[in-house]
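Got your viewer open? Load the model below, keep the selection box handy, and follow along stop by stop.

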Amino acid sequence: MAKAISFELVNKSHLLCGTSPMIGQSQIHAPPPAINVHSHRTNNHNKTSKQVFTLLPMASPTNFLVHALLCLALATTVFSLSPKFYDKTCPQALPAIRKVVEAAVHRERRMGASLLRLHFHDCFVNGCDGSLLLDSTPAFETEKNALANLNSARGFEVVDQIKAEVDRVCGRPTVSCADILAVAARDSVVALGGPTWKVRLGRRDSTTASMALANSVLPSPFMDLAALINNFKDQGLNKRDLVALSGGHTLGLSQCVTFRNRIYNATKIDPAFAKELRATCPRTGGNTNLAPLDPTPAKFDTAYFKNLMKQRGLLISDQALFNGGSTDKFVKTYSLNPNNFWDDFAKSMIKMGDIKPLTGKKGQIRVNCRKTN
């Protein structure tokens, strides 16, 4: 009978799996021996996974499948995101981010909504990779010039301040700009009275951006419910996520150009609400005049959902969530139960933050969030 061989594998999954160190670039040419896993320990912070294996010299199709599944498991654990990612390399990082965010929101309450929106608009364009922060280069045009961002995305100078402070306390560029956006979004919500959650960390920064992609994938304020559902589905988000994340509109303001059509042409709108807004937003001109997305735009609460039930949603895409469709039930639940909204918002923010992150050797840790290294 063949003798079993036991060994340890520490952060070297490519040796076992026949791949290059870049996970997923398979170079397997023949079925390997069967593998029994005796123990497993993963440390997400330093991306070290440790397994003890027993190799049995067999090469059947079944064993090949087991081997392939094991390699897939290694690929997903070695470079997974973790709330503890910076605990050893820079434990001062998260307190430093919170300090700058709280100061910025104290100076201007609207900034909380702006920082939350930056994370949202970053994640929807090829994943949460900090691409939104990049300025234009000869190789690409910035996503800041996309229709959904031009003259409306803001807070970039606060991100610069956060980056400078974090690099100072860490002693070197340690925290990615993508992670800064994720943490700043959470801290902004908390600063305005909303829920907290454990932000999963370990994202790296992209080296490119795409205005064209931003124009095609960022949800429009003019979308109906079917379009919104499909838009979020493309990002791996469901109807509950759609409504919960739209609840971020409990914070902030919107420009006249985004709600003019609704207040002059919609039939399902509170007449008094429409009349009030027309004073701020004329039929022509005043495109950048601002109106609050709900009655308490600097407080994280459920007023946004209560407004939708009264046909007082500011944007077409807001009122679409409560218009006799499949998402009405979520709006009702959140309007009546703030705790349900808080819980679902936190879960959906974590889920959104997991969209296609760059990890491991992919991307980079930018020195300046506005440009590649």
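This tour of a predicted model goes through helix packing, then a pocket, then a cavity.

**Stop 1: helix 3 against helix 5**

Select residues 93–107 for helix 3 and 156–170 for helix 5. Their axes sit 9 Å apart, and the packing angle is about 150°. Anything over 145 degrees counts as roughly antiparallel, so that is the label for helix 3 relative to helix 5. The crossing is right-handed.

Now show side chains. On helix 3, pick Ala 93, Ala 96, Ile 97, Val 100, Val 101, Ala 104 and Arg 107. Facing them from helix 5 are contact residues Val 158, Gln 161, Ile 162, Glu 165, Val 166, Val 169 and Cys 170. Colour this contact by class and you get eleven nonpolar residues, one polar and two charged.

**Stop 2: helix 9 and its partner helix 14**

Next, select residues 239–246, which form helix 9, along with residues 328–336 for helix 14. How far apart are these two axes, and at what angle do they cross? They come within 10 Å and cross at roughly 45°. Helix 9 and helix 14 are therefore oblique to each other, and their crossing is right-handed.

To see who touches whom, show Lys 239, Arg 240, Val 243 and Ala 244 on helix 9, then Phe 330, Val 331 and Tyr 334 on helix 14. By class, that contact has five nonpolar residues, no polar ones and two charged.

**Stop 3: helix 9 again, now with helix 15**

Keep helix 9 and add residues 338–353, helix 15. Here the axes come within 8 Å and cross at roughly 105°. Since 65 to 115 degrees counts as roughly perpendicular, that describes helix 9 and helix 15.

From helix 9, the contact uses Arg 240, Asp 241, Ala 244 and Leu 245. Helix 15 answers with Phe 341, Asp 344, Phe 345, Ser 348, Met 349, Lys 351 and Met 352. The class split is six nonpolar, one polar and four charged. Notice two names from the last stop: Arg 240 and Ala 244 belong to the helix 14 contact and to the helix 15 contact as well.

**Stop 4: the largest pocket**

Select Arg 117, His 121, Ala 148, His 249 and Leu 315, and centre the view on them. Of the 46 residues lining the largest pocket, these are the closest to its centre. The pocket holds about 1100 Å³ of space.

Which helix gives the largest share of the lining? That would be helix 4, with seven residues; select 110–123 to find it. Other elements that supply at least two lining residues each include helix 7 (211–217), helix 8 (225–233), helix 10 (256–265) and strand 4 (253–255). Helix 9 and helix 15, from the stops above, are on that list too. Coloured by class, the lining shows 26 nonpolar, 16 polar and four charged residues.

**Stop 5: the cavity**

How many cavities of 30 Å³ or more are there? The count comes to one, and about 50 Å³ of space lies in it.

To outline the cavity, select His 119, Ala 182, Trp 197, Val 199, Arg 200, Arg 203, Met 349, Ile 350 and Gly 353. Helix 15 gives the largest share of this lining, three residues. Met 349 is one to linger on: this cavity-lining residue is also part of the contact with helix 9. By class, the cavity lining has five nonpolar, two polar and two charged residues.

Note on methods:
Residues are numbered from 1 along each chain as its sequence is written. This is a predicted model: local features need pLDDT of at least 70, side-chain atom pairs count only at pLDDT 80 or more; totals for chains, interfaces and linings use all residues. Side-chain values use heavy atoms; hydrogens and water are left out. Axes are lines fitted to C-alpha atoms, for helices over the stretch in contact, and angles run from 0 to 180 degrees between N-to-C directions. Helices (H or I, at least four residues) and strands (E, at least two) are DSSP runs, numbered from the N terminus. Angles under 35 degrees count as roughly parallel, over 145 as roughly antiparallel, 65 to 115 as roughly perpendicular and the rest as oblique. Contact means heavy atoms within 4.5 Å. Ala, Val, Leu, Ile, Met, Phe, Trp, Tyr, Cys and Pro count as nonpolar, Asp, Glu, Lys and Arg as charged, and the others, Gly among them, as polar. On a 1 Å grid over the protein atoms alone, a cavity is a set of points where a 1.4 Å probe fits but cannot get out, and a pocket is an open set with protein on both sides within 12 Å along at least five of seven lines; lining residues have an atom within 4 Å of a point. Grid points are joined across faces, edges and corners, and a volume is the space filled by probe spheres set on the points. A crossing is left-handed if the near helix is turned anticlockwise from the far one by less than a right angle, and right-handed if clockwise.
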